[in-house]
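Thanks for sharing this one with me. Here are my notes, written so that you can follow them with the model open beside you.

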Amino acid sequence: MSRIAFFCGDITRSGGTERVTCIIASGLAAKGHEVSIVSLMGSGEPYFSLSHDVSVYYVGSNGFTKGIAGSLSALKRYISKEGIAVWIDVDIILCYYSMFLKKAFPKMKWIGWEHFNYDHKYPYYRGLRRLAKTIVTGCADVLVVLSESDLSAYREHHRLRCEARRIYNPTPYEPDMTSGDRQKLFLACGRLTYVKGFDLLLLSWKRIYESHPDYRLVIVGEGEDRDMLLSIIEKEGLCGVELFGRCTDMESLYRQAYAFLLPSRSEGMPMVVLEALAFGLPVVAYHIEGGLEEMIRTGEDGFLIEDFDTTAFADAAKSIIEDEKKCAQMREAAICMVKSFSVDSAIADWEEIV
């Protein structure tokens with residue numbers, strides 16, 4: 001069995017990256033591996049449930065020296081003390097630390113785990129992120145991406161000197177169509193930021209609500225765009241929409257919801273879509289680069305809308321309401337499809353490379 005460390009930015013965050021890290025770390029620990037999570041920032045408990053067999057070390061609260069050079073020295077001490085055999089970057093931009101750690105511990109397996117799609121339009125550090133792809137593909141032992149399309153992109157644009165693998169994110173929920181309280185509710189979830197496209201969703205919602213005023217929209221999440229979204233709601237006179245904030249019981253909302261809406265401008269392999277499908281929710285999303293094509297099949301378990309067409313997005317959502325027979329078929333298709341994204345399958349794939 002291996003001594004494995006997942007290296008991340010801040011494991012206390014509430015995003016999909018942190019959630020899947022906790023799922024995979026816990027799953028590998030259950031298989032007998034010695035697993036830890038090393039977090040550059042944060043303190044206290046991880047936001048998501050984590051096995052008691054997984055230890056967590058925070059760079060800022062375990063006596064580690066602040067600053068890049070100090071953090072590198074502390075990380076080297078940690079790797080040496082714990083005898084880490086496998087080091088996994090949760091986001092390949094962390095290669096700017098790990099490339100030096102690999103040099104110090106050449107026998108340690110270094111895995112770069114990319115959580116963005118290949119063509120993601122990063123709001124910050126675009127040059128550094130482009131360079132990170134070259135560093136990881138040239139220096140790491142393994143690159144893990146989330147979709148077949150991303151795997152193809154890396155093979156096309158880089159001279160791979162490392163093994164490259166596609167490992168799907170798993171859904172944390174067992175597929176389940178049962179619901180005791182399905183409501184007239186559209187659900188959306190994500191950080192309230194530009195890339196998630198909630199401004200586009202509000203434009204679509206205006207058309208949906210005009211035709212179906214008995215439905216409501218709940219947007220779960222927090223972020224820097226909250227005030228901007230509230231101003232759109234006020235300016236457009238939108239009704240039936242709620243900015244819910246953070247939620248500690250997403251399962252309850254999934255069970256209540258009628259369908260799931262994902263207006264993102266960019267995604268990798270979004271966990272929220274897998275979660276929604278696991279509860280039999282048809283999904284309406286924009287056709288963007290990444291893994292959505294491998295989860296959503298237009299007309300079967302949802303719709304992929306081209307060119308950020310807010311009218312077409314609204315029409316697709318309305319069609320789910322207006323064709324009950326088709327909606328029921330989509331729910332069944334969603335449950336069947338999501339079985340390919342099980343935790344057991346993902347853990348088995350990870351065990352092949354650690």
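The points below go through the sheet and then the salt bridges.

1. Before anything else, please keep in mind that we are looking at a predicted model. Each distance and percentage in this note is computed from that prediction.

2. Let's begin with the sheet. Seven strands make up an open sheet, and their pairing is parallel. Going across, the order reads S3-S2-S1-S4-S5-S6-S7. At the edges sit strand S3 (54–58) and strand S7 (163–166), each of which pairs on one side only. On average, neighbouring strands of this sheet are turned by 20° against each other, with direction ignored.

3. One strand pair is worth a look in your viewer. Strand S1, residues 3–8, runs parallel to strand S2, residues 34–39, and six bridges link the two. Which residue in S2 is the bridge partner of Cys8? That partner is Ser39.

4. Now to the charged side chains. As a reminder, side chains of opposite charge can pair when their charged atoms come close. The model has 17 salt bridges, and I pick out a few of them here.

5. Arg297 takes part in two of the pairs I would show you. With Asp301, Arg297 makes a salt bridge at 3.1 Å from N to O. With Glu300, the N to O distance for Arg297 is 3.8 Å. Are these residues buried or exposed, or something in between? Asp301 counts as buried because its relative accessible area is 0%, and buried means under 20%. Arg297, at 30%, is partly exposed, and so is Glu300, at 43%.

6. A second group lies elsewhere in the sequence. Salt bridges with shared partners connect Glu163, Arg165 and Glu352 into one network. Within it, Glu163 and Arg165 form a salt bridge whose closest N and O atoms are 3.5 Å apart. Why is Arg165 called buried? Its relative accessible area is 18%, and the cut-off for buried is under 20%. Glu163, in contrast, has a relative accessibility of 37% and therefore counts as partly exposed.

7. If you open the model again, I would suggest starting at the edge strands S3 and S7, then turning to Arg297 with its partner Asp301, and finishing with the network of Glu163, Arg165 and Glu352.

Note on methods:
Residues are numbered from 1 along each chain as its sequence is written. This is a predicted model: local features need pLDDT of at least 70, side-chain atom pairs count only at pLDDT 80 or more; totals for chains, interfaces and linings use all residues. Side-chain values use heavy atoms; hydrogens and water are left out. Two strands pair if DSSP finds at least two bridges between them. Helices (H or I, at least four residues) and strands (E, at least two) are DSSP runs, numbered from the N terminus. Axes are lines fitted to C-alpha atoms, for helices over the stretch in contact, and angles run from 0 to 180 degrees between N-to-C directions. A salt bridge is a side-chain nitrogen of Lys or Arg within 4 Å of a carboxyl oxygen of Asp or Glu. Buried means under 20% relative accessible area, exposed over 50%, partly exposed in between (1.4 Å probe, protein chains only).
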